[in-house]
Amino acid sequence: MKSIEEAIEFIESLPKEDFYKLRDWILERDWEKWDREIEEDSKSGRLDFLIKQALDEKKKGF
């Protein structure tokens, strides 16, 4: 495939069951990528502000 337009055309021509398999595969890959990003952000400390916010809210009684 040389372009996204060709990929779209191919996907649209798939039988329903093959389309569903492809959709599920893409969704799973997306979640895996998201999980890796969250893990990397957590390890690097980029999410520490969320812990601080939660602890501050707990102190306030929320």
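This section describes the fold, surface, charges and helix geometry of a predicted model.

The model has a mean pLDDT of 94, and 98% of its residues score at least 70. Among the elements of the protein, the highest mean pLDDT, 97, belongs to helix H2 (residues 16-44), and the lowest, 93, to H3.

The secondary structure consists of three helices and zero strands, arranged along the sequence in the pattern α-α-α. The radius of gyration is 20 Å, whereas the globule rule gives 11 Å for 62 residues; the computed value is well over that figure, so the protein is more spread out than a compact globule. The C-alpha trace spans about 55 × 25 × 15 Å along the principal axes.

Burial was assessed by relative accessible area, with buried residues being those under 20%. By this criterion, 3% of the 62 residues count as buried. The exposed area of the protein is about 6,100 Å², of which carbon and sulfur atoms supply 58%. With regard to charge, 13 side chains are positive and 18 are negative. The centres of these two sets are separated by 7 Å.

Helix H2 covers residues 16-44. Its 29 residues should span 42 Å at 1.5 Å a residue, and the end C-alpha atoms are 42 Å apart, so the expected and computed spans agree. Just after H2 comes Gly45, with a positive phi of about 90 degrees.

Within helix H2 lies Ile26. The relative accessible area of Ile26 is 43%; this residue is therefore partly exposed, a class that lies between the limits of 20% for buried and 50% for exposed. Ile26 is separated from Glu6 by 20 residues in sequence, and their C-alpha atoms are 17 Å apart in space.

Helix H3 comprises residues 48-60. For these 13 residues, a span of 18 Å is expected at 1.5 Å a residue; the end C-alpha atoms are 19 Å apart, which agrees with the expectation. The residue that follows H3 is Gly61, and its phi is positive, near 95 degrees. A glycine with positive phi thus comes after H2, at Gly45, and another after H3, at Gly61.

Conventions:
Residues numbered from 1 in each chain as written. Predicted model: local features only at pLDDT ≥ 70, side-chain atom pairs only at ≥ 80, totals over all residues. Heavy atoms only, no water. Helix = DSSP H or I, 4+ residues; strand = E, 2+ residues; numbered from the N terminus. Rg over C-alpha atoms; globule rule 2.2 N^0.38 Å. Buried < 20%, exposed > 50% of the residue type's maximum accessible area, 1.4 Å probe, protein only. Areas by Shrake-Rupley, 256 points an atom, 1.4 Å probe, with all protein chains shown as cover. Lys, Arg positive; Asp, Glu negative; His and termini not counted. Charge placed at Lys NZ, Arg CZ, Asp CG, Glu CD. Expected span 1.5 Å × (residues − 1). pLDDT = per-residue confidence, 0-100.
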